[in-house]
Amino acid sequence: MPHNVTLIPGDGIGPEVAVAAARAIDATGVEIIWERVELTADIIAAYREELPQHVVDSIQRTRVGLKGPVTTPVAGGYSSVNVALRKRLDLYANVRPVRQLPGLKTRYTDVVIDLVIFRENTEDLYAGLEHEVVTDVVTSLKVITRTASTRIARHAFEYARKLKRKRVTAVHKANIMKLGDGLFLRCAREMAQEYPEIEYKELIVDNTAMQLVMRPQQFDLLLMPNLYGDIISDLAAGLVGGLGIVPGANIGAEYAVFEAVHGSAPDIAGKGIANPTAIMMSGAMMLDYLGEIEAAKRLRGAIEQVYRDGRHLTGDAGGTASTTEFTDAVIQNLAPSR
Ligand code: NAD
């Protein structure tokens, strides 16, 4: 049975890496009918709405999306379409596995980094509730609810149980935001009681940042509200080789959209040098979600082999290959051996 998947290339480096990922996924032999949907900063500005309906319609049809990044204007302009999509489709769990790749030189070659970030994806300061009370006085509302905190906690603990992981660490700032982050922690603690075989810990977010830099090998699964998850994801990406590497999934009860942690990277867009690893690895997560476990494993293996060989790496990974050369090497590794 072929799978219908919405492909949103996005803008900036998005189309370059998303098309590369689609090629690699096709090369696994899994039959995907791609429904390509354009979504760029220009389109959003032209539609004059935060999230054009045709994008939502497509994902509601296919139920699964593979998405490149979309640019969001800074300090003004329209709200983030990426955030809007997660909220509209109720993609409450943002899951980001952070792992080293074989052969890729980083600052942490002497330890094993294998952690997964579970970022609540629908509320917190991303509720977008900002208000200028009087001139030069602004409030931004941080929304934390029991419903959202409980379901992201359940997602993390279920993942831990299924994949036999050891420990969940809830990351917070409840020493200061006693009510909001306090509620998030209470929900995490309650959930931990339902999973006695999994160790549960708590860590304040600023300490977490320092610990990640000093001893990243101590972490297993990290559970956190939206904003901390956003920031810690980039920090963690930096530990294993940068944003070109780390994949992600936005998962809800009905739909799922797979996308890298990175943004549209305007500094390298259009040059054909972006690293497609992150979105290809997101594609492997998508194949798992679609039940194509063996193909997902082969795709991961093919990507890892390119890193082991070290001859076709993009600039951010220390090589000189283009996005296309990297992708061709992955596809070569997927070809059946003669
Ligand atoms: P960014 O992730 O786009 O780039 C940060 C740095 O990492 C840049 O130097 C960039 O060149 C590098 N980088 C990122 N991805 C790379 C890749 N695949 N290969 C090689 N190098 C890579 O972050 P930013 O510059 O802060 O944001 C740019 C735009 O992207 C903003 O408009 C932001 O809102 C948007 N954004 C979108 C998403 C999304 O669509 N989900 C996520 C994050 C940021």
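## Strand β3 and its neighbours

In this predicted model, Leu-66 stands opposite Phe-258, a residue of β12. The two strands concerned, β3 and β12 (residues 256-259), run parallel and are joined by 4 bridges. On its other pairing, β3 is joined to β1 by 3 bridges, and these two strands likewise run parallel; within this pairing, Thr-6 has Gly-65 of β3 as its bridge partner.

Both faces of β3 are covered, since Val-64 and Leu-66 on one side are buried, as are Gly-65 and Lys-67 on the other.

## The sheet as a whole

These strands belong to an open sheet of 10 strands with mixed pairing, whose order is β2-β1-β3-β12-β11-β4-β5-β10-β8-β9. The edges are formed by β2 (32-36) and β9 (199-204), each of which has a single partner strand, so that one side of each is left without a neighbour in the sheet. Direction ignored, neighbouring strands of the sheet are turned by 25° against each other on average.

At the β2 edge, strand β1 (residues 3-8) runs parallel to β2 and is joined to it by 5 bridges, with Leu-7 standing opposite Arg-36 of β2.

## Helices packed on the sheet

Helix α1 (residues 14-27) packs on the sheet, where it touches β1, β2 and β3 (64-67), and its direction makes about 165° with that of β2. Helix α7 (residues 205-214) also packs on the sheet, touching β5 (114-120), β8 (167-172), β9 and β10 (221-224), and the direction of α7 makes about 105° with that of β9.

Glu-16, which has its place in helix α1, also has contacts with residues remote in sequence: the C-alpha atoms of Glu-16 and Gly-270 are separated by 7.7 Å, although the two residues are 254 residues apart along the chain. Leaving aside residues up to four places away in sequence, Glu-16 touches Ala-269, Gly-270, Lys-271, Gly-272, Ile-273 and Thr-323.

## Salt bridges

The structure holds 22 salt bridges. One of them joins the side chains of Asp-114 and Arg-99, with an N to O distance of 2.9 Å; because Asp-114 lies in strand β5 and Arg-99 in strand β4 (residues 93-99), this pair ties together parts that are 15 residues apart in sequence. Asp-114 is partly exposed, with a relative accessible area of 28%, and Arg-99 also counts as partly exposed, at 34% relative accessibility. Both residues take part in a network of salt bridges that links Arg-99, Asp-114, Arg-165 and Asp-220.

A further salt bridge is formed by the side chains of Asp-181 and Lys-142 (2.8 Å, N to O), and since Asp-181 lies in helix α6 (residues 180-193) whereas Lys-142 lies in the loop between β7 and α5 (146-162), the pair ties together parts that are 39 residues apart in sequence. Asp-181 counts as buried, at 0% relative accessibility, whereas Lys-142 is partly exposed, with a relative accessible area of 24%. Arg-167 forms a salt bridge with Glu-199, the closest N and O atoms being 3.1 Å apart; Arg-167 lies in strand β8 and Glu-199 in strand β9, so this pair ties together parts that are 32 residues apart in sequence. Here Arg-167 counts as buried at 16% relative accessibility, while Glu-199, at 40%, counts as partly exposed.

## A nonpolar surface patch

Val-133, Val-134 and Val-137 make a nonpolar surface patch of about 230 Å². Of these residues, Val-137 is found in strand β7 (residues 137-140) and counts as partly exposed, at 40% relative accessibility.

Terms used: Residues numbered from 1 in each chain as written. Predicted model: local features only at pLDDT ≥ 70, side-chain atom pairs only at ≥ 80, totals over all residues. Heavy atoms only, no water. Pairing = 2+ DSSP bridges. Axes fitted to C-alpha atoms, helices over the stretch in contact; angles between N-to-C directions. Contact = heavy atoms within 4.5 Å. Buried < 20%, exposed > 50% of the residue type's maximum accessible area, 1.4 Å probe, protein only. Patch = residues over 30% accessible without salt bridge, like charges linked within 9 Å, V, L, I, M, F, W, Y side chains within 5 Å. Areas by Shrake-Rupley, 256 points an atom, 1.4 Å probe, with all protein chains shown as cover. Salt bridge = Lys/Arg side-chain N within 4 Å of Asp/Glu carboxyl O.
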